[in-house]
Amino acid sequence: MKILITGNMGYVGPCVVQQLRNAYPRAQLVGLDTGLFAHCLTAADVLPETRLDGQMFMDVRDVTHDTLRGVDAVVSLAAISNDVMGTLDEELTLDINWRASVRLAALARECGARSFVFASSCSVYGHAEEGAKTERSSVSPLTAYARSKVMAEEQLRPLAHQDFQITCLRFATACGMSERLRLDLVLNDFVAAALVSNRIEILSDGSPWRPLIHVRDMARAIEWAVGRSAAAGGDWVIVNTGMDEWNHQVKELAEAVAREIPGVVTVVNPDAVPDKRSYRVSFELFRQLAPAHQPRVNLPQAIQELKSGLARMRFGDPGFRNSDFMRVKALSSLRETGRLGPDLRWVAGR
């Protein structure tokens, strides 16, 4: 079995590679990544890519039939990965997250792959005041990132058939320790702020709802999707991926961090402009389809692991929001130094 993982050198990728290596010890695992965040290693005992059988340094927009020959399953992680980065260039976000993802799937199908796993997002629900959203609920994407995921899902669907199974995992907001840690995610940011300043400042009024999932549990869900039977969802399925207990208001997340890290003060801004991104999500379908791959990490565990991981890194930078821990800052730095062009392609010779 040969599995291709695109975007494997990001935040989620190292955990996915580790999970698939454990689940499929005899499989040939190959990564494909342009390497924008390859230097963003955190608390890694070894280079995560040593767990692979091969690493291709390639932009996902440039894949060809040759790239995909012999591949049995594709895990599509490559993307401009959050709302802030999506605002850099909306058309570029759509090009990478939507068009390149659909093209990748079409090529994989033509080359005989049997399974395609697309990392989508619960952010497609946007603002939802009514009850928890299910896969049958309407979507209301508020950002370029969320719109790109909706558009990709829509155009992936016609590609599915009995010999080419497509799974769109609508992930809750990621959190937790990784060998390429990001701190531009709500829980990770709160833990980092608590450690460097003993203070968490919530920029909103704290009321928006967010579902969360630990990065290792994302990897477990991807393992399920790679090997799922047609009986578990059919040739095509969209699945909200997370657990109901991890639906929290932002202020609850801050309070949870304060409970786990004594001496931390939380501050809410009651005059803040309301955050339109607020949604609760039902994960009932995921429980039905993947009972053996349900999330295992709870909120206190995630906070303690982040605390321990940051301590191992001797983390103590109060200016971390202007560092490579924030992916948009990493990209901006590469652009400003001339290493990346405006299209996020490497500039030759730099």
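The following legends describe views of a predicted model. Local features require pLDDT of at least 70 and side-chain atom pairs pLDDT 80 or more, whereas totals for chains, interfaces and linings use all residues. Residues are numbered from 1 along each chain as its sequence is written, and side-chain values use heavy atoms, with hydrogens and water left out.

**View 1. The open sheet.** Seven strands (DSSP runs of E, at least two residues, numbered from the N terminus) are arranged in the order β3-β2-β1-β4-β5-β6-β10 with parallel pairing; a pair requires at least two DSSP bridges. Because β3 (54-57) and β10 (236-241) stand at the edges with a single partner strand each, one side of each has no neighbour in the sheet. From one strand to the next, the twist averages 20 degrees.

**View 2. The pairing of β6 with β10.** Strand β6 (residues 165-171) runs parallel to β10 and is joined to it by 6 bridges. Arginine 170 stands opposite asparagine 240 in β10.

**View 3. Helices on the sheet.** Helix α1 (residues 13-23; helices are DSSP runs of H or I, at least four residues) touches β1 (2-6), β2 (28-33) and β4 (73-76), and its direction makes about 170 degrees with that of β1. Contact means heavy atoms within 4.5 Å; axes are lines fitted to C-alpha atoms, for helices over the stretch in contact, and angles run from 0 to 180 degrees between N-to-C directions. Helix α5 (residues 144-156) lies across β5 (115-121), β6 and β10, at about 150 degrees to β5.

**View 4. The buried residues of α8.** In helix α8 (residues 250-260), Val250, Leu253, Ala254, Ala256, Val257 and Ala258 are buried (under 20% relative accessible area, 1.4 Å probe, protein chains only). Their cover includes α6 (186-197), β8 (199-202) and α10 (299-312).

How values were computed: Buried means under 20% relative accessible area, exposed over 50%, partly exposed in between (1.4 Å probe, protein chains only).
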